[in-house]
Amino acid sequence: MSRSRIASLGRRRPIQSTRRGRQHRRHGGPEAHLQPAGPCGHHPLPDSVPKVKEVGATSAPLLSASFFIGARCQPYNDDYMQCKTENPGKGEFECLKEGRRVTRCAASVVDDINKHCLDEFRKHWQCLDNNNHQLWQCRKDEWKLNKCVFDNLKLEKTIPEAQGIPVHLRSKQIYAHYPALRDPGQAPFKKAVDAPGAEAPAL
Amino acid sequence: MGAVCTWGFYKLGQGIREQNELAREKMWSRIHLIPLLQAEEDRDLARRHMADQAREKQLTGDNIKVYNSDRYVRPTYAITPASTTK
């Protein structure tokens, strides 16, 4: 898997039945014909449904990548949600195609981030994991990640309808354990940190 | 006294506004992720449903319509593997 180990951390896998042989022997008799997949084995989707590899990332990497997923995959996401809205009660089956597109798009974003910004990405989501998923505790790592992703993938984090300076660009995070996001001896920032497209603060 | 209170309320207002913005950020990050998570869940539900129907057909030779509607009803019970050890 090219997506590195991050993606496979702690994810569930379809559980394969390994008891087929034994069940055969135990049941033996007329029910034996039930056993092709085992009554409790893993039944994959039928072949008429194209296969798609699940994203397979845990919550912290997803949170870290969420705005980039949103930046690239908004049309697919909107398509899917519209399909779900238009098919109440049967969207699970009608929207499989849109759902595959959503998943492929998100997986492409995670793949690209892993390819170009693995270190920054890892730093940021591990910081989130260590800080109760509080985004404001991890701004330094986030800025580095945002800059790297913008430079390499041209995806930018934007918060729609943000009031004033977008909160992820404020140089002082008043709820963080260490609100002033600069190193000892470093000159104070200007009022806001510039957007990653311009110039990230030298940290 | 008045000055202290004014300063305190000013800081309180600042804090509330920042909280609002942080909440907005969190909501949008979740909005971007929901289709992804829901799509994965839907595929799993569809897979389980189809397997369930196949299993029912195999066992009883017929699929009984349980509900008087075409709506998909999320099953209350799920069949789990008898053994999860490899």
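1. A good place to begin is H5 of chain A, where A:Glu120, A:Phe121, A:His124, A:Trp125, A:Cys127 and A:Leu128 are buried (20 or more other C-beta atoms within 10 Å of a residue's own, with C-beta atoms placed from the backbone; 12 or fewer is exposed, and in between is partly exposed). Seen down the axis, these buried residues fall within an arc of 150°, so they line one face of the helix; the arc is taken from the directions from the helix axis to the C-beta atoms.

2. Please keep in mind that this is a predicted model, in which local features need pLDDT of at least 70 and side-chain atom pairs count only at 80 or more, while totals for chains, interfaces and linings use all residues. Residues are numbered from 1 along each chain as its sequence is written, and chains are lettered from A and ligands numbered from 1 in the order in which they are written.

3. What does the buried side of H5(A) pack against? Its partners are helices H2 (59–86), H4 (96–116) and H6 (139–153) of chain A, with contact meaning C-beta atoms within 7 Å. The face turned away from that side carries the exposed residues A:Asp119 and A:Asn130.

4. H4 of chain A also holds A:Val102, which is buried, with 29 other C-beta atoms within 10 Å. Leaving out residues up to four places away in sequence, A:Val102 touches residues of both chains, among them A:Tyr76, A:Tyr80, B:Pro35 and B:Leu36.

5. On the pairing of the chains, 34 residues of chain B are in contact with 42 residues of chain A.

Definitions and conventions:
Helices (H or I, at least four residues) and strands (E, at least two) are DSSP runs, numbered from the N terminus. Two residues are in contact if their C-beta atoms, placed from the backbone, lie within 7 Å.
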